[in-house]
There are 2 protein chains.
Amino acid sequence: MISHNERAPLGASLPWTQVLDSLKLSAEGLIPAIAQQHDSGEVLMMAWMNREALEETLRTGRVCYWSRSRGTLWRKGESSGQVQQLKEARLDCDGDTLLLLVDQSGPACHTGRKSCFYNAIRGDRVEVVSETLVHPVKLYGR
Amino acid sequence: MISHNERAPLGASLPWTQVLDSLKLSAEGLIPAIAQQHDSGEVLMMAWMNREALEETLRTGRVCYWSRSRGTLWRKGESSGQVQQLKEARLDCDGDTLLLLVDQSGPACHTGRKSCFYNAIRGDRVEVVSETLVHPVKLYGR
């Protein structure tokens, strides 16, 4: 369905409910979602959504993922208070990945760093390239 | 292994070969890789790498993915000429996603748009929000 937009001009559109019904989910019913800070462009994290998480996110404007490790909906910030407000959700050309433009309150990463992508592969080392903004103890009490 | 960087200060590092051996790959031996234009911050696409694709990318500086549909290494731009030069590869906190900072030659998307994320979910419609830079016929001859 989303392929109908491939050669469509700027501003053309399709009905969301039909696109949603034809999304290419994984065997587990999941789709990867990349969160990007809407104004700075910083890529914050990548997590997964099922259909319920995506629908809740679009309905409430607060980002909700599916936690694969816990097997539950994961309202980002429910433990840490570091919520993500959705500015816009986008789908890629083949409808199997989401890009979420968000406004991240404080750090996105459980380590207290703004972004989860703080490990740079440089030569034969993997180097920490961003600082902790908030100590994890302050986020999670441990 | 990558978790050793969680509470490490800026500039701390780990040996890449040990991190590589402990990466959390999917059951198919793959890891998702997000490509971001290094200077503008635009998120271009998301694709998958196996260990061989990642090692080739780091060795050559030209981004190589694993094509799940074709079951082969996919040297980005081999058909279209729209290559990605790697500026830096980063790993997330739990070592299961890559962020590639790249210099994308022309459009990243097979539709001829700069980014694959050109479908914005707005209300009950999915709207095309970016223009085609190059007609796909010019990229692929069809």
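**Notebook: a helix, a shared sheet and its salt bridges**

I began with helix α2 (residues 51-60) of chain A in this predicted model. Helix α2 of chain A lies across β3, β6 (84-91) and β7 (98-104) of chain A, together with β8 of chain B. I noted that it runs at about 125° to β3(A).

Next I traced the sheet. It is open and has seven strands, in the order β1(A)-β9(B)-β8(B)-β6(A)-β7(A)-β2(A)-β3(A), with mixed pairing. I found β1 (13-15) and β3 (43-49) of chain A at the edges, each pairing on one side only. The twist averages 30° from one strand to the next.

I then looked at the chain B strands. β8 (residues 119-122) and β9 (residues 125-128) of chain B pair in the antiparallel sense over four bridges. N119(B) stands opposite V128(B) in β9(B).

I turned to charges. The count is 16 salt bridges over all chains. I checked R122(B) with E88(A): a salt bridge at 2.7 Å, N to O. This pair crosses between chains, from strand β8 of chain B to strand β6 of chain A. R122(B) is partly exposed at 37% relative accessible area, while E88(A) is buried at 14%. I logged a network of salt bridges linking E88(A), R90(A), R122(B) and E127(B).

I also looked up D96(B), which forms a salt bridge with R68(A), the closest N and O atoms being 3.7 Å apart. That pair crosses between chains too, from the β6-β7 loop of chain B to the β4-β5 loop of chain A. D96(B) counts as buried because its relative accessible area is 17%, under the 20% cut-off.

How values were computed
Residues numbered from 1 in each chain as written. Chains lettered and ligands numbered in written order. Predicted model: local features only at pLDDT ≥ 70, side-chain atom pairs only at ≥ 80, totals over all residues. Heavy atoms only, no water. Pairing = 2+ DSSP bridges. Helix = DSSP H or I, 4+ residues; strand = E, 2+ residues; numbered from the N terminus. Axes fitted to C-alpha atoms, helices over the stretch in contact; angles between N-to-C directions. Contact = heavy atoms within 4.5 Å. Salt bridge = Lys/Arg side-chain N within 4 Å of Asp/Glu carboxyl O. Buried < 20%, exposed > 50% of the residue type's maximum accessible area, 1.4 Å probe, protein only.
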